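This report describes the fold of the protein chains, the surroundings of the ligand and selected residues. Please consult the sequence and structure shown here alongside the text.

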Amino acid sequence: MASALSDSRVSAEHIPVKLVIAGPFGVGKTTIVSALSEIKPLNTEEVLTQAGTLVDDLTGVSDKTTTTTAIDFGRLTLPGAVLYLFGAPGQTRFQVLWDELVRGALGVLVLADTRRIDESFAVLDLVENAGIRYAVAVNHFPDSPDYPLESVRKALDLDPRTPLMVCDARDPASARASLIALVEHVRELVLS
Amino acid sequence: MAAARLTVPEHIDVERTTLVYIAPDAATNGLDPPGSHLLALLQDGPLSVYECAAHLGLPYCVVRLLVAGLVGGGTLLTRNPPVATSLPDIEILELVLSGLRAL
Ligand SMILES: Nc1nc2c(ncn2[C@@H]2O[C@H](COP(=O)(O)OP(=O)(O)OP(=O)(O)O)[C@@H](O)[C@H]2O)c(=O)[nH]1
Ligand SMILES: [Mg+2]
């Protein structure tokens with residue numbers, strides 16, 4: 001991987017586009033951002049206060065009152081646009097960070113794990129509360145049970161129009177197909 | 001701390017995915033160390049604020065203020081993601097879709 005300074009750069013004519021990939025602990029967020037990103041994903045820490053508010057200046061902040069959460073950040077340059085991908089944890093205690101990440105985002109790809117389907121509810125609550133458009137990709141693990149997608153849709157109580165697919169977070173083509181399904185869904189909502 | 005010396009503008013229109021680049025006619029001398037590090041990083045072309053923070057090894061919240069200060073001083077220019085209106089722009093969606101499909 002190229003060093004920071006020799007990394008390819010976008011031009012100022014590129015439109016920055018934000019996409020968020022969210023899901024519970026261990027679902028494959030870091031993996032899918034790595035599969036999609038043209039740069040070595042940046043793993044950054046966001047500092048939050050215990051109350052869940054974002055720290056936006058460092059004055060008066062002591063370790064006791066703050067907690068950090070890891071964000072994966074990737075970049076994918078397309079002709080005319082540059083996608084910025086945020087892999088974000090889906091816990092409701094990060095609501096404030098969430099609100100910031102999804103503000104202006106094109107949409108959210110929710111990653112779900114059928115071995116622990118109930119852990120996706122918090123993420124779905126966050127996206128529903130934010131009123132942001134989303135699609136759901138089930139990241140399939142070797143020991144994942146083979147539920148038909150329709151029963152996953154029922155279990156997650158998804159709208160019939162919400163895209164739901166199986167993906168392999170390690171595979172760039174599969175990861176891209178999930179993003180395409182998300183963006184197509186957003187386009188249909190805009191056109192309807 | 002780096003942030004302490006910055007003058008903080010009233011309204012900060014800089015976020016994680018704001019693209020930052022050097023103004024063509026910018027005076028790039030006489031900056032604080034964080035400022036000149038940022039300028040050196042941007043010599044090769046635009047970067048998002050988040051990438052700047054990661055490369056500088058500074059927290060995002062610090063770099064956001066650093067960028068805002070240098071934008072205020074005319075050294076840097078920015079390009080923001082489209083404003084979050086209720087629905088995204090169809091042209092941007094088509095651009096993203098055709099770009100992703102062509103990969
Ligand atoms: N078999 C298989 N393994 C996967 C897949 N995606 C991720 N993994 C593995 O699952 C583990 C967790 O993936 P991560 O990408 O680290 O998950 P994460 O959501 O970033 O986890 P946290 O940041 O800890 O919340 C890693 O060991 C991955 O290699 C997949 O599609 N198939
Ligand atoms: Mg991770």
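What pattern does chain A follow when read along the sequence? Chain A follows the pattern β-α-β-β-β-α-β-α-β-α-β-α. The model discussed here is predicted.

**The two chains**

The secondary structure of chain A comprises 5 helices and 7 strands, while that of chain B consists of 4 helices and 3 strands. Along its sequence, chain B shows the pattern β-α-β-α-α-β-α. Further values for each chain are collected in the table.

| Chain | Residues and buried share | Contacts with a separation of 6 or more that join residues 24 or more positions apart | Accessible surface | Share of carbon and sulfur atoms in that surface |
|---|---|---|---|---|
| Chain A | 192 residues, 53% buried | 71% | about 8,500 Å² | 53% |
| Chain B | 103 residues, 47% buried | 71% | about 5,000 Å² | 53% |

**The surroundings of ligand 1**

Ligand 1 is surrounded by 15 residues, of which A:Gly28, A:Lys29, A:Thr30, A:Thr31 and A:Asn139 are the closest. By residue class, this shell contains 6 nonpolar, 6 polar and 3 charged members. Which element gives the most to the shell around ligand 1? Helix α1 of chain A, residues 29-36, does so with 3 residues.

Several polar contacts involve oxygen atoms of ligand 1. A polar side-chain atom of A:Asn139 lies 2.5 Å from an oxygen atom of the ligand. Backbone atoms take part as well: a polar backbone atom of A:Val27 is 3.1 Å from an oxygen atom of ligand 1, and for a polar backbone atom of A:Ala169 the distance to an oxygen atom of ligand 1 is 3.2 Å. Taken alone, ligand 1 exposes 650 Å², and the protein buries 67% of that area.

**Helix α1 of chain A**

The helix that gives the most residues to the ligand shell also has a set of buried residues, namely A:Lys29, A:Ile32, A:Val33, A:Ala35 and A:Leu36. These residues lie on the same side of α1(A), because they cover an arc of only 160° around the axis. An α-helix has 3.6 residues a turn, so residues three or four places apart point the same way. A:Lys29 is thus named twice, among the residues closest to ligand 1 and among the buried residues of α1(A).

**Two buried positions in chain A**

A:Gly87 is located in strand β4 of chain A, which spans residues 81-89. Is A:Gly87 buried or exposed? A:Gly87 counts as buried because its relative accessible area is 1%, under the 20% limit for that class. Leaving out residues up to four places away in sequence, A:Gly87 touches A:Ile21, A:Val33, A:Ala70, A:Ile71 and A:Asp72. One of these partners, A:Val33, belongs to the buried residues of α1(A). A:Gly87 and A:Leu19 are 68 residues apart in sequence, and their C-alpha atoms are 8.8 Å apart in space.

A:His185 has its place in helix α5 of chain A, residues 172-191. With a relative accessible area of 10%, A:His185 is also buried. Which residues does A:His185 touch, not counting residues up to four places away in sequence? The partners of A:His185 are A:Tyr134, A:Arg161, A:Thr162 and A:Pro163.

Methods: Residues are numbered from 1 along each chain as its sequence is written. Chains are lettered from A and ligands numbered from 1 in the order in which they are written. This is a predicted model: local features need pLDDT of at least 70, side-chain atom pairs count only at pLDDT 80 or more; totals for chains, interfaces and linings use all residues. Side-chain values use heavy atoms; hydrogens and water are left out. A residue is near a molecule or strand if one of its heavy atoms lies within 4 Å of it. A polar contact is a pair of N or O atoms within 3.5 Å; within protein, one must be able to donate a hydrogen and the other to accept it, and residues adjacent in sequence count only if both atoms are side-chain atoms. Accessible areas come from the Shrake-Rupley method with a 1.4 Å probe; for residues, only the protein chains shown count as cover. Ala, Val, Leu, Ile, Met, Phe, Trp, Tyr, Cys and Pro count as nonpolar, Asp, Glu, Lys and Arg as charged, and the others, Gly among them, as polar. Buried means under 20% relative accessible area, exposed over 50%, partly exposed in between (1.4 Å probe, protein chains only). Contact means heavy atoms within 4.5 Å. The arc is that of the directions from the helix axis to the C-beta atoms.
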